Amino acid sequence: MLNEILIPAAKELIRDATEARVSFGHNMTGNTINSYAAGVYVAGQLAHIETPTGSISSPLRRKLGIGQRFYAGSQRWDGETQENTYTAQVGTNGAMEPERSIDFLQSHKPSPKGWALVVCNGVEYATFQENEMNIDVLTSSFDYAKMFMPSMFKPITD
């Protein structure tokens, strides 16, 4: 189950989240896209962590703190030039990611029975991006998981 289904599923969900984030843009500093992580748990214990590290470029800079600006004309993580000056509206720890995601997965305590797959994003402003800016951070990954995960399970033959 672990090596045949759950770890490949974690890899696929991280691939899907990062590819979607790249295709939709919204990557000023690269911290959100680098903050995706998936944890695989067996009997309540963390057995595997998957991140996009190594498959995408590291963040350009630390996260913006509340009131800090990303100026028009600045080079963005996605290779574009920032069109308008953006002022951060959410406080952060000023770190680079995915440390918060990994910390969350290491501290998370799922049910001690069975298996669990948890996908998260560690930037403090992920909810703000989803709810206030209408930028997809994890919603489409959740929908994608509901669609592709059932195909990974096959009935046992007699």
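Student: What makes strand 1 and strand 2 a hairpin, and which residue in the turn has a positive phi?

Tutor: In this predicted model, strand 1 and strand 2 form a hairpin with two residues between them, and the residue with the positive phi, about 50°, is Ala-43 in the turn. Strand 1 covers residues 36-42 and strand 2 covers residues 45-50, with Ala-43 in the loop between them.

Student: How do you know that strand 1 and strand 2 are joined, and how do they run?

Tutor: Two strands count as paired if there are at least two bridges between them, and five bridges join strand 1 to strand 2, so the pairing criterion is met. The two strands run antiparallel. Among the bridge partners, Ala-38 is matched with Glu-50 in strand 2, and Gly-39 with Ile-49 in strand 2.

Student: Why is the phi of Ala-43 worth pointing out?

Tutor: Most residues other than glycine have a negative phi. Ala-43 is a residue other than glycine, and its phi is near 50°, a positive value. Asn-134 is another case, with a positive phi near 55°, and this residue lies in the loop between helix 4 (126-131) and helix 5 (139-148).

Student: Why is Asn-134 called exposed?

Tutor: The cut-off for exposed is over 50% relative accessible area; Asn-134 has 68% relative accessibility and therefore counts as exposed.

Student: And what is Ala-43 called on that scale, buried, partly exposed or exposed?

Tutor: Buried means under 20% and exposed means over 50%, with partly exposed in between. Ala-43 has a relative accessible area of 41%, which lies between the two cut-offs, and therefore it is called partly exposed.

Student: Which strands of the open sheet are the edge strands, and what makes them so?

Tutor: The open sheet has three strands in the order 2-1-5, with antiparallel pairing. Strand 2 and strand 5 (115-121) are its edge strands, since each of them pairs on one side only. Neighbouring strands of this sheet are turned by 25° against each other on average, with direction ignored.

Student: Which helix packs on the sheet, and what does that helix touch?

Tutor: Helix 1, residues 2-24, packs on the sheet by touching strand 1, strand 2 and strand 5, and its direction makes about 165° with that of strand 1. Helix 3, residues 99-107, lies across strand 1, strand 2 and strand 5 as well, running at about 155° to strand 5.

Student: Why is Ser-101 called buried or exposed, whichever applies?

Tutor: Ser-101 lies in helix 3, and its relative accessible area is 0%; the limit for buried is under 20%, so Ser-101 is buried. Leaving out residues up to four places away in sequence, Ser-101 touches Ser-35, Ala-37, Cys-120, Asn-121 and Gly-122. From Ser-101 to Ala-38 there are 63 residues in sequence but 8.5 Å in space, C-alpha to C-alpha.

Student: Which residues have the most contacts inside the largest nonpolar core?

Tutor: That core has 21 residues, and those with the most contacts inside it are Ile-33, Tyr-36, Leu-64, Phe-70, Tyr-86, Tyr-125 and Phe-128. The elements that give two or more residues to this core are helix 1, strand 1 and helix 4, and helix 1 gives the most, with four residues. Taking Leu-64 by itself, and leaving aside its neighbours within four places in sequence, its contacts are Arg-69, Phe-70, Tyr-86, Ala-88, Val-90 and Thr-92.

Student: How many cavities of 30 Å³ or more does a search of the whole structure find?

Tutor: The search finds one. The largest cavity has a volume of about 50 Å³, and a cavity is a space where a 1.4 Å probe fits but cannot get out. Residues lining the largest cavity include Ala-17, Tyr-36, Asp-136 and Ser-140. Helix 1 and helix 5 each supply at least two lining residues, and the largest share, four residues, comes from helix 1.

Student: Which residues that line the largest pocket are the closest to its centre?

Tutor: About 370 Å³ of space lies in the largest pocket, and of the 22 residues that line the pocket, the closest to its centre are Met-28, Tyr-86, Tyr-125, Gln-129 and Met-133. Helix 2 (31-34) and helix 4 each supply at least two residues of the lining, with helix 2 giving the most, three residues.

Terms used
Residues numbered from 1 in each chain as written. Predicted model: local features only at pLDDT ≥ 70, side-chain atom pairs only at ≥ 80, totals over all residues. Heavy atoms only, no water. Buried < 20%, exposed > 50% of the residue type's maximum accessible area, 1.4 Å probe, protein only. Axes fitted to C-alpha atoms, helices over the stretch in contact; angles between N-to-C directions. Contact = heavy atoms within 4.5 Å. Core = buried A, V, L, I, M, F, W, Y, C linked by side-chain atoms within 4.5 Å. 1 Å grid on protein atoms, 1.4 Å probe; cavity = no way out; pocket = protein on both sides within 12 Å on 5 of 7 lines; lining within 4 Å. Points joined across faces, edges and corners; volume = space filled by probe spheres on them.
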